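Here's a quick tour for anyone meeting this structure for the first time. Have a look at the sequence and the model, then read on.

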Amino acid sequence: MGRASRDKRDIYYRKAKEEGWRARSAFKLLQIDEEFNIFEGVKRVVDLCAAPGSWSQVLSRKLYLPAKFSPEPMDGDRPLIVAIDLQPMAPIEGVIQVQGDITNARTAEVVIKHFDGCKADLVVCDGAPDVTGLHDMDEFVQSQLILAGLTIVTHVLRVGGKFIAKIFRGKDTSLLYCQLKLFFPVVTFAKPKSSRNSSIEAFAVCENYSPPEGFNERDLYRLLEKVGSPTGEDDLDCHSGWLEGPNKVYIPFLACGDLSGYDSDRSYPLPNVAEGTSYQSLDPVQPPIAPPYKRALEMKKASNLGTRELERLSLDS
Ligand SMILES: C[S@@+](CC[C@H](N)C(=O)[O-])C[C@H]1O[C@@H](n2cnc3c(N)ncnc32)[C@H](O)[C@@H]1O
């Protein structure tokens, strides 16, 4: 698909470039905020799986920059934003970057160190593995990223804080819902308008972090495994045996963002341009600086050059 054609078919891709966001994902976080007011009172945030950085840009623009340019004297320190990804990210003002794997305990330790004994008010996680197209497999790997995120949450999030995580809707969504409910009394699965209906992606918005009494972070996985088992935790929504029959939990999905706003599954005409000029697609705001497919692109380029050289030689002879 050419860039102009993508501009037409993906309004959020076009708008992201116009508004200076590195990725169209920025709109998902903004639309979640419109519904849940997630930034209210937030001073410290962890952005898990942050590259290329559009969520970090939202955090910087919503939290760090207003505090930096505020004429009012700051009460306390400037907002602290720590972003982690496997991939390196170009710098963003007010965002501390950590390159690492969120499933690795050492990465979690680095994040915790940055908070220097303080706790975060908000943890967001937009992690996604390289999708294989095998839904069960993708959903499983995705759920592992959420559980890694939850592990970090149990170490850094303050009681009362919020956790936003990308999920893949599938047959284990109710299990995940019940697991999250162990830690958050309010869990909503939200589908922002900028997330295509054709995509199985949605977002868990978890509010008011309240770990079970006497909770020890080291017991996290044992606790999660108990959910839904006959000896599992009882919860108003998640009774033992909920996986089967009449006890099965049906989870409502909440659409968020202006519902009369742009539809991510629709094509929109390109903006009118002055007579005699043609539409110019904007360049991406910040291409990834070291994407995993970089070597493949280099090899493709080298092989194209090789082919052209061969063609030239055969024409010369
Ligand atoms: C959809 S992108 C995130 C987009 C980002 N929120 C933004 O707005 O620009 C998913 C990211 O998850 C990262 N990721 C996947 N598995 C990871 C892991 N185990 N640890 C850290 N990052 C991971 C990928 O490198 C990728 O950058």
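Leaving aside its neighbours within four places in sequence, which residues is D101 in contact with? They are L86 and T107. Keep in mind that this is a predicted model. Below, we start with the sheet, move on to the helices around it, and then get to the annotated spots and the ligand.

**The sheet**
- Eight strands make up an open sheet with mixed pairing, and their order is β3-β2-β1-β4-β5-β7-β6-β8.
- At the edges you'll find β3 and β8 (253–256), each with a single partner strand, so one side of each has no neighbour in the sheet.
- On average, neighbouring strands here are turned by 20° against each other, direction ignored.
- Zoom in on β4 (residues 120–125) and you'll see that this strand pairs with β5 in the parallel sense, over five bridges.
- V124 has I164 in β5 as its bridge partner.
- As a bit of background, strands of a sheet pair through backbone hydrogen bonds, either parallel or antiparallel.

**Helices to look for**
- Helix α3 (residues 26–36) lies across β4, β5, β6 (186–192), β7 (201–207) and β8, and its direction is at about 130° to β6.
- Helix α6 (residues 135–156) lies across β1, β4 and β5, running at about 170° to β5.
- Helix α2 (residues 11–19) has I11, Y12, Y13, R14 and A16 as its buried residues.
- Those buried residues of α2 pack against α1 (3–9) and α3.
- Just after α2 comes G20, with a positive phi of about 85°.

**The annotated active site**
- An unreviewed UniProt entry puts the "active site" annotation on K166.
- You'll find K166 in strand β5 (residues 157–168).
- Is K166 buried or exposed? K166 counts as buried because 22 C-beta neighbours lie inside 10 Å, and 20 or more is what it takes.
- Setting aside neighbours within four places in sequence, K166 is in contact with C125, D126, G127, A128, E201 and F203.

**The annotated binding site**
- The unreviewed UniProt entry also has a "binding site" annotation, which covers G53, W55, D85, D101 and D126.
- D126 is thus a residue under that annotation, and D126 also turns up among the contacts of K166.
- G53 is in the loop between β1 (44–48) and α4 (54–69).
- G53 counts as buried, because 28 C-beta neighbours lie inside 10 Å.
- Not counting residues up to four places away in sequence, G53 touches R22, A83, M89, A90, I92 and Q286.
- Back to D101 from the opening question: D101 is in the loop between β3 (95–99) and α5 (105–115).
- D101 counts as partly exposed, because 14 C-beta neighbours lie inside 10 Å.

**Around the ligand**
- How many residues surround the ligand? There are 23, and the closest are S25, C49, A51, S54 and D126.
- Two elements, α4 and β2 (80–85), give two or more residues to this shell.
- By type, the shell splits into 13 nonpolar, six polar and four charged residues.
- So where does D126 show up? D126 is one of the closest residues to the ligand, and D126 is covered by the "binding site" annotation from UniProt.

Methods:
Residues numbered from 1 in each chain as written. Predicted model: local features only at pLDDT ≥ 70, side-chain atom pairs only at ≥ 80, totals over all residues. UniProt positions renumbered as here; feature names shortened; annotations may be inferred. Helix = DSSP H or I, 4+ residues; strand = E, 2+ residues; numbered from the N terminus. Buried ≥ 20, exposed ≤ 12 C-beta atoms within 10 Å, placed from the backbone. Contact = placed C-beta atoms within 7 Å. Pairing = 2+ DSSP bridges. Axes fitted to C-alpha atoms, helices over the stretch in contact; angles between N-to-C directions. Near = placed C-beta within 6 Å. Nonpolar A, V, L, I, M, F, W, Y, C, P; charged D, E, K, R; others polar.
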